[in-house]
Every structure is written in C-alpha cells, then in structure tokens.
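Got your viewer open? Load the model and let's walk through it one selection at a time.

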Amino acid sequence: MDDESDQETTIEDDYYAFLNIARNASPEDISNAYRKLSRLYHPDKHRDPTLKKEAEVLFNRIKKAYEVLSDPHQRAIYDSLGIRGLETEGWEIVQRMKTPQEIREEYERLAREREERRLQQHTNPKGTVTVNINATDLFNKYDEDYSDGDGSAFSGFFSCIEVSGMSFAQSIEAPLTLRDTVTMSGQLGTQNGTGNGSINVSAKRLISSKGWVEVEVGAGNGPTFSLKAFRTLTKRLFCDGATILQFTSRGVKAGYVGTLAMQLDKHTVGYLTYRAGIQDAMSTMIVRDTSRSYTAFSIHFGLLHSFVSLNYTYKMEEKQLKLRGSVKAGTFGAFLEYGAEKKVSKHSSVSAAVRIGVPTGVTLKLRLSRASQAYTFPIHLCDEVLPAPVFYATVAPIITWTVIKKLIIDPVVKERTEREKEKQRELNKFRMLEKQREAKAATELMKETVSRIRLEEEAKKGLIITKALYGRFVYPQQDRATSEETGHRDEVIDVTIPLQCLVKDSKLILHKASKSQLPGFYDPCVGEDKQLLVQYLFHSQTHECVIQDDAPLRIPISSHKVNTT
C-alpha cells in the first residue's frame, strides 16, 4: 500500500503540458509544437558550451514527448496509464499491430483482472451501532418529579438519562469473482429488556450488464428464504422483484415485492412499488437528485399504515455540508425533521437531526460515520412537543460542534494536512531540484528568442508580458501579516520570460493543465494551491489577470483591462 501511495504522490511529466497542447490535440498540432520547441532548444542553435549542454537535456525531453504522443499506440497507453504504463512489463503483450482502441480494451481487460484479484483478497465489512437514549425526565413539565432527590445537580442530571435499547448490525461482503458476491449479515438488539436477533446469508450473481439475481436465506423469528432479481428493460425503464417465504410455527407465509422504475429525465426517477402477502401495500415515489439538491416525494397506501412524505436535501459541496428537512403525515401521526450533515474528513462525517412529532414527541438524533462503520444515538427528549426540548435539541448540537471543531478537529486536520504536504515534498525533493535547474536553464535559453518576440510585438503594439508570477502569493496587505503569523509566506517564481516566449501573433494560449509542467516553470510550493498572475500590455494599455494553476488561459481579453484613471 505504501508503494502505491508513493507512486500516486510522485510527480510525473505531463507531455501535453510540456508541449503546451490540448489532450485531444491532432497529430498536426503535436508536430507544430515539436517543431517550435525544437528550434528553440536544439543544441546546434547554441554556441556557448554550457547553454549547449542544457539545451541538449531539454531537447531530449521534447523529443521523448513527441515520440510518445505522435505514436498512436504509445499515446493510447500514456493516456490510460501515464509514463508508468509505458514502463510496465505487462504491456509487452501489447503487439505493435494493435490499434489504439484495441490497446485501451486490453488495458481495461488487464485492469479488470487486477480488480478481480484484489476483490478476492478483500472483504467489505459494514457495521452500525445504535444506542437509544431516554432523556424525557430532563424536560418533564412537572416540577414535583425533581423534588425527591438528595444528590447534586450533576448526579441528578445523569440520573435522568437512561439507555433504553441498543442494536448492533454487521455485514461482510466477500466478492468471489467480478460477477459473484456472497454477503453475510447479522443483527442483534434489545429494547426495554426484550431482545431479538437475526442472521442472513445471500449470494448475488451479475447475469449481464442489464440484470442480476440474488438468493438469500436467514434465521431469526423463524427461517426465511427469498429470491430477488433486477432487470433493465429499456434505456429508461427498469424493475426489480423479490419473493419471500417466512417459516413460522403457524405455517409458511409468502410475500412478494415488486418495483417498476422509470427515468423521467436526467435527474428524476419515478418508482411504483407493490407489496402482497406478508405486508399488503402500494406506494409511489418520485426522486430528483442533482448536484445541488435531493428531493423525494412519496405516497404510501397500506392495510396497517398509509402516509405521505416529502424529503429535501440541499448540498453545499464547497463547504462539504448537507442541510436536510423532511415532513411525514399519515394514519400513525405526523412529524417534522430537520438537520445537517458535515463531512469532517475523507472517510468521516457527523450529522444531527431534530424530529418533532405527534404522538412521538421530540427526538435528537446524532450520527457519526467513519469509513464503513456508523454510530447512531437517538435521544428521546420529550413525549410532548414543548418549546424547551425543541430549542435545546436545535442549539446544543451547533454549540457542541463549534467547540469540538475549534479545539479538536481543526488542529488534527491541519496537522494531518501539513504532514501529507511534507511527505509529498520529501518524495519529490530531488525531482523538484532537477526541475528547478531545468527551468532556469530553459529561461536562459529563451532570452534571445524572447527579445526578438518582444521587438516584433512592440512594433505592432501587440502583446507584451510585463510581469508574470507563479505560485502561492497573498494580495491584500492586511492578509500578509496573518499569513506570516501562520508560516504561510509568498512562494512564487518569476515566469515573465517563459510566458512571453509562448506568445504568437499577439496571442497567448495555455491549456487546462498544471502550469508547473511548462518550459521555464517549476513548482515552488509542492502540495499547495497555486495561481498564475499575469500583467501585460496590449495596444499600449495595461491588463492584469489571475487564474488557478490548472485553469486554461487565453489572452488578450478586454475584461482584463486595468483602469488607470
């Protein structure tokens, strides 16, 4: 695992960025870029022995990039796996007469085989722990309930809280092949002194890309057997069904569940579900899921319960936050629920929700998810809907989260981030020194060409790069003091000459890729977010722009004009 992570962290050359061409560049674009850079870096173009030696190194890099990208077979491998793919011994089986499409298919086949071997060596455990807490005595509206007690307020507080139930669920998924999966799951719980449990084993087989079947047997309140299946009928229509047999002391109960679903548009799916036998019911649901929100509306008709529900989630991906709200009303009563979920790390998230219902009262639900494990704490605060428990259930999680985040989570995340950055810098230390020397040499080799380009552009009042900085830098002076206090100072390099060298016909075009791969550039702050600041003259007027490291750039643009009045 460590080797794999090191390889992912190690910086590789980007041939497309080095030649400053798009990833879908045509053979003609590749040849033109190669010829342009060859004229600049060919050793025969330089008389100085030192410059000649430096030019030879850069010319070999250009030649290597051109050889790979101009060969359809090597380019297909490079696009799929990068430079490591070109060096992998396994690619020796790829014969030269195969087309790029066949090479990609061969890569996908090998990837599937590797994935299958990996799956056979791993299981996918999932588990949930639920602890039900009864805290209704905290908000009992009858004061006399608290009059009998000789303990302190602190001990009295905890005496009002009791664990009313617990449940544990665990499953282990064991993929046998890419088509066959065996899952074993179990559940054990107790509520108010009454316990129950069950165990289930299922075998699922992928019939084709359009469907699968699953057989499941279980034991708990009597043996159970079920057969499930899924099938895609058309491009927009699919269905699934299950037949369930439950063996009890009174005989065999049979049940059936069937769902028909239809893709209504790109983000919306409609479901129609019918249940017969063990639990007769019919329901319909419409789900709309976009990058910013999730909405689900359902209507359920059953012999025991009927209800209408609406769920809505607002996704704030930039803050890794989700705001949720739902309302449900039916023959059993009604409730309103609202809450939020916050992602605290790559594999962890916390959430809190307040449920206000009749006749259930007020409940606060806390949940911590860590990788494949989830810990849920439903805290029943009151049997009636009263203002005090609603207020504290809403405010307490917010205050608690703010304190924990400030004192615990933020320092831990900051330390981990700095540790990862330091590891990345260490892995690429020698590589970065090499890139830095190469960038300085390239800039020196460009000076003569840049002088000629500037004279041509000045003559026609074209595009003159007056200043270009690349790296991490702070603009406002008021932010600079804060930056220095936290140890974050400007880490930039001057790339005015390399950018001017890329100007052609009063235009500069940079494609979507890290600018650190361009000739004359290097990464001055590995692991940090970087920007490119460009100040330039066009028609003798001052322009300025700032872009993110991997953003494309095309100048001149009139919106970059600086108002000097």
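**Stop one: a four-stranded sheet**

Start by selecting strand E21, residues 531-538: eight bridges tie it to E22, and the two run antiparallel. Before going on, note that this is a predicted model, where local features need pLDDT of at least 70, side-chain atom pairs count only at pLDDT 80 or more, and totals for chains, interfaces and linings use all residues. Residues are numbered from 1 along each chain as its sequence is written, and side-chain values use heavy atoms, with hydrogens and water left out.

A word on labels: helices (H or I, at least four residues) and strands (E, at least two) are DSSP runs numbered from the N terminus, and two strands pair if DSSP finds at least two bridges between them.

Now click Leu533; opposite this residue, in E22, stands Val546. Widen the selection and you get an open sheet of four strands, ordered E19-E18-E21-E22 with antiparallel pairing. Strand E19 (491-494) and strand E22 (541-548) are its edges, each pairing on one side only. On average, neighbouring strands here are turned by 20° against each other, direction ignored.

**Stop two: two hairpins**

Next, select strand E10 (281-289) and strand E11 (293-302), which run antiparallel and are joined by nine bridges. They make a hairpin with three residues between them. Pick Arg288 and look across to E11 for its bridge partner, Thr295.

Then add strand E12 (307-316), which pairs with E11 in the antiparallel sense over eight bridges. Four residues link E11 to E12 in another hairpin. Tyr294 has Thr313 in E12 as its bridge partner.

**Stop three: helices that cross**

Select helix H4 (49-70) and helix H10 (429-459). Their axes (lines fitted to C-alpha atoms over the stretch in contact, with angles from 0 to 180 degrees between N-to-C directions) come within 10 Å and cross at roughly 110°. H4 and H10 are therefore roughly perpendicular to each other (the label covers 65 to 115 degrees).

Which residues in H4 meet H10? Leu51, Glu54, Ala55, Val57, Leu58 and Arg61 meet Lys435, Glu438, Ala441, Ala442, Glu444 and Leu445 (contact means heavy atoms within 4.5 Å). Sorted by type, the residues of this contact are seven nonpolar, no polar and five charged.

**Last stop: helix H5**

Finish on H5, residues 72-81, whose buried residues (under 20% relative accessible area, 1.4 Å probe, protein chains only) are His73, Arg75, Ala76, Ile77 and Tyr78. Just after H5, Gly82 takes a positive phi of about 80°.

Key: Angles under 35 degrees count as roughly parallel, over 145 as roughly antiparallel, 65 to 115 as roughly perpendicular and the rest as oblique. Ala, Val, Leu, Ile, Met, Phe, Trp, Tyr, Cys and Pro count as nonpolar, Asp, Glu, Lys and Arg as charged, and the others, Gly among them, as polar. Buried means under 20% relative accessible area, exposed over 50%, partly exposed in between (1.4 Å probe, protein chains only).
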